[in-house]
Structure formats: C-alpha cells, structure tokens
Amino acid sequence: MTEIPVEIRPLTYADLPQVVAIERRSLPTPWSLAMFVLELSKPDGACMAAVQDGRLAGYVICSRYDDVWHVMSVAVDPARRRQGIATTLLERIFDQVGHDARVTLEVRPSNVGAIALYERLGFLAAGSRRRYYQDNGEDALIMWRTPATRGGRLDDVPNARAARLGP
Ligand SMILES: CC(C)(COP(=O)(O)OP(=O)(O)OC[C@H]1O[C@@H](n2cnc3c(N)ncnc32)[C@H](O)[C@@H]1OP(=O)(O)O)[C@@H](O)C(=O)NCCC(=O)NCCS
C-alpha cells in the first residue's frame, strides 16, 4: 500500500487523453474520446478525476436520467489499483449527488473485483440484462445503491430480483 496522496477533483476536457489511455488498458471494449466528450458535456453529469503524483490515476463518469444516477464508467490506472482510489472517487460522487440518491450501474458478472468494490460501497445486484456486452455476449449484472440496498434490502429498487453473482 503506497502512501502517495491522491487528489480528487472534477474531471475536465484536458484530462481526456489520459482518461482514454487508462480506459484502453482497463476495458475490453474501451470508449472513444468522442464518447467521453459527450458525457462530459452533459450539464447533469458528475465526473471526477483522481490525481496522484501529478498524473491522472483514475476517473469516474456518472450521468443522471430522471431521478436516477448511472455510473457510466470507472477505471483506475492498472499500476495504481488496490489503494482505495476507486472507493474514494465513488464516495466523492455520493457526496455530490447525495447519499440517499439512487445510483445504478451495469457490470460484467466475470468482473469480480469491480463487483466486490460496489458491494463494499452499498450496491446490491438486482437483475441482469441478457447478452448486454457485444464483444463476448456476456450478460450484464444490474446493481443498485439506494437507501434500502445500503441496509441489505431491495425493496425500493424497481423490478428487483435477486441476481446470480459470479461468471
Ligand atoms: C474495478 C477498479 C475500478 C477498482 O479500482 P481500485 O482503485 O483498485 O479499487 P479500490 O482500491 O478502491 O478497491 C476497494 C475494494 O474493492 C475490492 N476490489 C477492488 N479490486 C479488486 C480485485 N481486482 N479483486 C478483488 N477485490 C477487489 C476489494 O474489496 C478492495 O478492497 P481491498 O483492496 O482492501 O481488498 C479497477 O480494478 C479497474 O479499473 N478495473 C478495470 C476497469 C473496470 O473493470 N471498471 C468497472 C467496470 S463496471
């Protein structure tokens, strides 16, 4: 565990080349620069950067649809993982959108590290989307963080059903 401090601040357009570089090393179907520009241009977004040692270490992109926040993308530089950076980024998002806000995301069932991260932050699996990921036809696990899920329940999650975890 390194002790190098991490600064969390709003993500800017100037960060996007480093965002794309981390994204390409992190995800099987990385977003393009244009997709990040579009997300960052949304007036209702909540997007944060983690900076360590003067370099972008990670980022999170959230968008609001009606009264629900969607975590669209979160990634940390492979060399800087397991230092709590994603946790700090997401906690900063919860500070911004409100701790009782309803937040949802999709994740690959095979991404056990990300699922563990989300569960530690109060998300619960509440359904799946069939063949959501086009590269390998994998289903998506739908996770929610709401006042109920933070207490281990799904009763304020729309169309919730206990979802199978693991690949
Ligand atoms: C998922 C990801 C964002 C986590 O970032 P991170 O900064 O390493 O996460 P944190 O250090 O905050 O992890 C907090 C906790 O989550 C869990 N966790 C995180 N990564 C894990 C892994 N690879 N395996 C198992 N548990 C993991 C652990 O409980 C961890 O606590 P610990 O280190 O004390 O055991 C990072 O691995 C990543 O960028 N992955 C590729 C992109 C991706 O999959 N994004 C999510 C798409 S839905």
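**Notebook: cysteines and cores**

C62 comes up as buried, at a relative accessible area of 0%. I note at the outset that this is a predicted model.

I looked for disulfides next and found zero in the structure. C47 takes part in no disulfide, and the nearest cysteine sulfur to C47 belongs to C62, 7.1 Å away. Why is the sulfur of C62 not bonded to that of C47? The two sulfurs are 7.1 Å apart, which is too far for a bond, because a disulfide needs them within 2.5 Å. I also checked C47 for burial: C47 is buried, with a relative accessible area of 10%.

I then turned to the nonpolar cores. The largest one has 31 residues. Those with the most contacts inside this core are V60, V71, L90, V107, Y118, F123 and M143. I listed the elements that give two or more residues to this core: the strands β2 (46–52), β3 (55–65), β4 (68–76), β5 (102–107) and β7 (140–145), and the helices α3 (85–97) and α4 (112–120). Which element gives the most to this core? I find that α3 does, with seven residues.

Where does this core lie with respect to the domains? Domain 1 (1–97) and domain 2 (100–167) both give residues to it, so the core lies between them.

I picked out L90 for a closer look. Leaving aside residues up to four places away in sequence, L90 touches V60, V71, L117, Y118 and L121.

Last, I noted another core, which lies apart from the largest one and has 14 residues. W31, F36, A49 and L56 are among them.

Technical notes:
Residues numbered from 1 in each chain as written. Predicted model: local features only at pLDDT ≥ 70, side-chain atom pairs only at ≥ 80, totals over all residues. Heavy atoms only, no water. Buried < 20%, exposed > 50% of the residue type's maximum accessible area, 1.4 Å probe, protein only. Core = buried A, V, L, I, M, F, W, Y, C linked by side-chain atoms within 4.5 Å. Helix = DSSP H or I, 4+ residues; strand = E, 2+ residues; numbered from the N terminus. Domains from an automatic or database assignment. Contact = heavy atoms within 4.5 Å.
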